[in-house]
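This report looks at enclosed spaces and at aromatic rings, and it begins with the terms that the description needs.

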Amino acid sequence: MSAFEEDHSLQSFAFHTTPHLVFEPGSTARLAAIAGRKLGASVLFVTDPGLRRLGLCDAALASLTQAGHSVGVFDAVEADPSLDTVLKAVEAGRSMAATGVVGFGGGSSLDVAKVAALLLGSGEEIDGAWGVGNAKGPRLPLVLVPTTAGTGSEVTPVSIITVGAEEKRGVSSPIILPDIAILDASLTLGLPPAITAATGVDAMVHAIEAYASKNANNNPLSKMLARQALQLLGANIEKAVFDGGDVDARGAMLLGSMLAGQAFANSPVAAVHALAYPIGGTFHVPHGLSNALVLPHVLRFNAPDAAQLYAEIAADAFPDLAKEQGSQGRCAAFIEALAALSKKLGMQTRLREVGIGEEHLAKMASDAMKQQRLLVNNPRDVSEADALAIYKAAW
Ligand SMILES: [Zn+2]
């Protein structure tokens with residue numbers, strides 16, 4: 001093999017992201033000026049009842065109505081949104097002849113807005129759109145406004161919807177990337193510390209897993225974005241958790257989670273997420289906390305094959321680690337620093353602390369094996385026995 005072939009930065013790849021990004025505190029008060037022409041006369045505004053009650057949508061809605069748009073608000077999005085909710089949002093859009101869709105909220109509202117814009121724009125059936133690359137489009141014009149800093153959903157081509165009691169299905173296609181993402185840090189000032197911590201660690205996991213992903217499309221852009229994300233997230237997560245009113249720290253978290261989103265949208269996540277899903281799905285532990293609970297244990301398992309990669313990004317997240325000599329030592333210090341961070345942020349750190357009995361671990365390990373689409377990206381192969389050992393270590 002020549003040096004040219006060995007250099008990963010010269011492998012073929014494709015990179016998709018949201019084409020128009022606005023990062024500006026208070027910018028949702030200018031929503032119509034930024035996005036009005038794109039959205040057209042009749043705007044379906046998708047959000048959740050909590051944000052509506054808190055008045056967080058008011059400036060955005062006033063901006064649209066004052067500019068002469070007719071606006072229909074669909075504010076019935078729940079956590080882990082159901083297919084039923086998506087279809088109701090589509091119905092609301094149809095009845096008002098929507099010309100554009102705004103998704104405003106956490107990952108759930110953005111996911112519903114993505115699929116609603118697709119179904120409204122193309123008239124296609126959801127059953128043909130599940131999976132990777134099956135959406136036909138075109139979708140309606142779509143603008144996404146995140147109000148949490150973690151999922152990066154405003155720059156990912158994926159929407160996760162719950163079908164039936166607890167089956168999660170995804171639509172994955174660049175077609176559902178929005179036209180515009182608006183990052184308004186003032187919307188995140190009121191997030192409570194526990195949510196700020198969990199979503200912030202989730203964003204760090206996105207960056208770490210994207211950087212070390214074995215996926216064939218891992219690429220220099222994702223690696224660069226992951227490192228920049230870790231610098232912003234590592235430097236600001238404690239400030240954002242302990243002083244939620246610090247708008248600069250909030251902005252850094254929002255930007256960092258978007259950069260991590262751009263990274264993993266094109267270099268997908270791996271075993272931390274695969275092992276987190278059975279924790280979230282069965283025990284209803286929030287996504288970010290589920291990731292944090294297994295994070296140090298999965299990285300320790302991966303270290304024999306990924307120490308070099310983890311050592312490369314260690315000092316991005318924790319600048320003190322630059323003094324650690326050698327990739328083995330720096331990797332080990334990185335993993336310890338991540339474990340210490342969760343503790344410092346006041347998060348639970350053991351599976352037993354979130355109500356999971358030891359007798360559940362075997363079933364969780366077998367459930368984690370169903371996440372092959374994620375496990376194939378892991379730097380080290382994970383067997384069911386390995387997954388069980390990781391859960392035991394995390395218990
Ligand atoms: Zn995640």
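## Terms and model

In what follows, Ala, Val, Leu, Ile, Met, Phe, Trp, Tyr, Cys and Pro count as nonpolar, Asp, Glu, Lys and Arg as charged, and the others, Gly among them, as polar. The model is predicted, with local features needing pLDDT of at least 70 and side-chain atom pairs counting only at pLDDT 80 or more, while totals for chains, interfaces and linings use all residues. Residues are numbered from 1 along each chain as its sequence is written, and side-chain values use heavy atoms, with hydrogens and water left out.

## The largest cavity

A cavity is a set of points, on a 1 Å grid over the protein atoms alone, where a 1.4 Å probe fits but cannot get out, and its lining residues have an atom within 4 Å of a point. The lining of the largest cavity is formed by Ala149, Thr188, Leu191, Thr196, Thr199, Arg250 and Met253, which by class are 3 nonpolar, 3 polar and 1 charged residues.

## Aromatic rings

Rings of Phe, Tyr and Trp (its six-membered ring) pair if their centres lie within 6.5 Å, and planes under 30 degrees apart count as stacked, over 60 as edge-to-face and the rest as tilted. The whole structure holds 3 aromatic pairs. In one pair, the ring centres of Tyr310 and Phe334 are 6.3 Å apart and the planes stand at 45°, so this pair is tilted. Both Tyr310 and Phe334 are buried (under 20% relative accessible area, with exposed over 50% and partly exposed in between, for a 1.4 Å probe and protein chains only). Ring pairs also join Tyr310, Phe318 and Phe334 into a cluster.

Terms used: On a 1 Å grid over the protein atoms alone, a cavity is a set of points where a 1.4 Å probe fits but cannot get out, and a pocket is an open set with protein on both sides within 12 Å along at least five of seven lines; lining residues have an atom within 4 Å of a point.
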